[in-house]
Amino acid sequence: MLALLLAMGLLAGCGNRDKHEIQEEFLLMLVEKVSTGGLQAAETYLDENLSSVRETVADHMLVAFADYLYRYISTNPDKIDVNAWAVYYDEEEDCIDEEAITLSQDYQLYETLTDCHIMLRGSREALSMQIDYTRLLEDFGEYLSPELTELYQLNARAMEEPMTENATLMVSWEEVLDRAAAAERLLTESGDHQHIRDDALWLYKTYISTLLMGATNTPIFNYESGAFSEEARQAYRDYMAAEPELVLTEILRQYFEYLGSIDYTMHYSDETESKQFFETCDYLLLEAEKRVTSTDE
């Protein structure tokens, strides 16, 4: 990702030496080994320079920074035992109790991560570091394109209100439909912004897959009776009527044709029925991807 953005930055900067130097210098900073010091340096550089570049360059710089944050979280160079921080976690507020952590030896590192847009979310039993997209937008949103802003809003929504937890659906079917539709609209409006399209497509496919198959502990067909979820059925029908032009709606129309052919009943324990169901879902997921990525060609 960084190599691609660096190449794009070199091209985008032609004819504007000062702004080109800002972008190139920032991207080169991020090639260095991931570290807490690197996080702080990148954060400071954005604070001091992002307002000086045009929107396209600001987008590239924020995407590169988010990639660096992801690499930090993935490699955990400070060997942070986030589960040990669970003692500071306030389950009611769904965040670290800053008053409780202030007097601890962990506070300085926690404050650094927070300032650099990394948050801890989850539960006392399963904390994890995540990119704080809401704060990224609060701090840098005014410099970004509408498309990247919308993507980060979708990411924030997914982080702050997870769709599933322990393989159980945690939001309504209506909410999953709304998220899928938002991702679809972003895909159709983002043009050739590949750094936006890739993330939006991943979100879109995740939501479509859940709409078609449900979750392990929230099955779309009842495990005992085999009946299709009545809540999902009503939510899908209402959404199809309200949003007739979406690719999502066309996929759901085809899905309902399949459901009608099996009388809205499928038993996961039946090998033939189950095989047909998952093959149908796989086909519809591929069809959704094909249609939504070809709408603007």
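Here are a few worked exercises on the predicted model shown above.

**Exercise 1. The overall picture**

Work out how many helices and strands the protein chain has, and what share of its residues is buried.

*Solution.* Start with the secondary structure: the protein chain has 13 helices and eight strands. Next, take the burial: of the 297 residues in the chain, 48% are buried. Then turn to the contacts. Among those with a separation of 6 or more, 65% join residues that are 24 or more positions apart. To finish, picture the outline: a box of roughly 65 × 50 × 30 Å along the principal axes holds the C-alpha atoms.

**Exercise 2. Surface and charge**

Find how many positive and negative side chains the protein chain carries, and how far apart the centres of the two sets lie.

*Solution.* Count by sign to get 20 positive and 60 negative side chains. The centres of these two sets are 6 Å apart. Now add the surface: about 14,900 Å² is exposed by the protein chain, and 48% of that comes from carbon and sulfur atoms.

**Exercise 3. Cysteines**

Determine how many disulfides the structure holds, and whether Cys116 and Cys281 are buried or exposed.

*Solution.* First recall the chemistry: a disulfide covalently links the sulfur atoms of two cysteines. The structure holds zero disulfides. For the second part, apply the cut-off for buried, which is under 20% relative accessible area. Cys116 has a relative accessible area of 2%, so Cys116 is buried. Cys281 comes out at 0%, so Cys281 is buried too.

**Exercise 4. Helix H8 and its neighbours**

Compare the span of helix H8 with the expected value, then say which helices its buried residues pack against.

*Solution.* Helix H8 covers residues 146–160, which is 15 residues. From first C-alpha to last, H8 reaches 21 Å, close to the 21 Å expected at 1.5 Å a residue. Its buried residues are Leu148, Thr149, Leu151, Tyr152, Leu154, Asn155 and Ala156. These pack against helices H4 (55–75), H7 (133–140), H9 (173–189) and H10 (194–213).

**Exercise 5. The surroundings of Leu113**

Place Leu113 in its helix, and explain why Leu113 counts as buried.

*Solution.* Begin with the helix: Leu113 sits in H6, residues 107–115. Leu113 counts as buried because its relative accessibility is 1%. Now look beyond the neighbours within four places in sequence: Leu113 is in contact with Leu39, Tyr72, Ile80, Trp85, Ile118 and Met129. Lastly, take Ile22, which is 91 residues from Leu113 in sequence and, C-alpha to C-alpha, 24 Å away in space.

Methods. Residues are numbered from 1 along each chain as its sequence is written. This is a predicted model: local features need pLDDT of at least 70, side-chain atom pairs count only at pLDDT 80 or more; totals for chains, interfaces and linings use all residues. Side-chain values use heavy atoms; hydrogens and water are left out. A disulfide is a pair of cysteine sulfur atoms within 2.5 Å. Buried means under 20% relative accessible area, exposed over 50%, partly exposed in between (1.4 Å probe, protein chains only). Helices (H or I, at least four residues) and strands (E, at least two) are DSSP runs, numbered from the N terminus. Contact means heavy atoms within 4.5 Å. Accessible areas come from the Shrake-Rupley method with a 1.4 Å probe; for residues, only the protein chains shown count as cover. Lys and Arg count as positive and Asp and Glu as negative; His and the chain ends are not counted. The place of a charge is taken as NZ of Lys, CZ of Arg, CG of Asp or CD of Glu. The expected span of a helix is 1.5 Å times one less than its number of residues.
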